[in-house]
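Here is a short tour for you, with the model open alongside. We will start at the ligand and then move on to the sheet and a pair of helices.

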Amino acid sequence: MDVIRKSAKRFFVEGRITLNEQLVGIQEKTPGDIERDQQDQIIEQKLAGIKRKILVMSGKGGVGKSTVAAYLALLLSQNGSRVGILDVDLHGPSIPRLLGGNATMEVSGQNSVSPAKVSENLTAVSLEMVLGDKDTAVIWRGPLKISAIKQFISDIEWGDLDYLFIDAPPGTGDEPLTVAQTIPDAEAVVVTTPQEIALADVRKSITFCRQVKMKILGVVENMSGFSCPHCNEKIDLFGSGGGARMSESMQVPMLGSIPVDPRMVVFGDTGRLAELAAKDDGDLNEAYRKILEKIGKA
Ligand code: ADP
């Protein structure tokens, strides 16, 4: 396992990325430009086998964006779709923790790496799988991040997929911008929580999508209401209806609302979200099913 991790690390961190970084700033057609042109062609070929590419964004951290990306991917893969998750949250990757297991990426050829196989229908790629040590701080500037994300697309053997979910860090920085520029047919799902402070930033995510001409599938309002386990009364912990109001005022579809469910934290923290997705037959999966239905029809 360690050998695989080390060679993948050499591949991504010490190899071509470093070379690209050194070439940034040179204006004429350099070997770096030629390499990038070739990479763009490879990216186009790789993306051709992936039917839907969905960028999961949020204005703020902590609203459950990674959890939503992972849960959507798990439910679809459990229902027979071929799904990949690409974690481009380079500074705070959470996908490997949420999915659990020890699957690693494997170098499968001079210019390709296999994504980690999480289950029969689900594969994943995250920088954390390459770096190994979960406490390593990734201190990268824009060009290096752009290079890494492009390599995650061009050098990974994703194979044919029905869905590729891309988990971006909060905000509208280099990572979502690189995805928008590299994957022209990416579609965005914007995750928020109901309170105004989160919604204010989500409006920026929507404006960002419009500026880069990315199709917006809609808004998911996460942590929307909590059913008291004792009396079943619904308590709006973070307010209510903010997502719906915002979707109306910004004229973007409302995909649905997901309740606060303490099991999300327990199963997510222990890498057992797949177990929860497979067994829940209540409000949680019902909410996700409605969202998936709308995504499927979009
Ligand atoms: P983000 O990617 O937006 O930073 P995370 O997906 O890491 O957010 O989620 C932040 C925390 O919120 C995690 O502890 C996660 O388990 C929890 N969480 C996410 N969605 C829900 C939910 N519907 N109910 C309860 N807790 C949730």
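Around the ligand of this predicted model there are 17 residues, and those that come nearest are Gly64, Lys65, Ser66, Thr67 and Gly268. Two elements, helix H3 (65-78) and helix H10 (262-269), each give two or more residues to this shell. By class, the shell around the ligand holds six nonpolar, nine polar and two charged residues.

Now to the sheet. Eight strands make up an open sheet with mixed pairing, and their order is S5-S6-S2-S7-S1-S8-S9-S12. Strand S5 (116-119) and strand S12 (254-257) are at the edges with a single partner strand each, so one side of each has no neighbour in the sheet. From one strand to the next, the twist averages 25°. Inside this order, strand S8 (residues 187-192) and strand S9 (residues 215-221) run parallel and are joined by six bridges. If you would like a place to look, find Glu187, which stands opposite Lys215 in S9.

Finally, have a look at how two helices meet. The axes of helix H2 (residues 31-48) and helix H6 (residues 142-154) are 8 Å apart, and the helices pack at an angle of about 45°. H2 and H6 are therefore oblique to each other. The table shows which residues make the contact.

| Helix | Residues in the contact |
|---|---|
| H2 | Gln39, Ile42, Ile43 and Lys46 |
| H6 | Lys150, Ile153 and Ser154 |

Sorted by class, the contact of H2 with H6 has three nonpolar residues, two polar and two charged.

Key
Residues numbered from 1 in each chain as written. Predicted model: local features only at pLDDT ≥ 70, side-chain atom pairs only at ≥ 80, totals over all residues. Axes fitted to C-alpha atoms, helices over the stretch in contact; angles between N-to-C directions. Helix = DSSP H or I, 4+ residues; strand = E, 2+ residues; numbered from the N terminus. Parallel < 35°, antiparallel > 145°, perpendicular 65-115°, else oblique. Contact = placed C-beta atoms within 7 Å. Nonpolar A, V, L, I, M, F, W, Y, C, P; charged D, E, K, R; others polar. Near = placed C-beta within 6 Å. Pairing = 2+ DSSP bridges.
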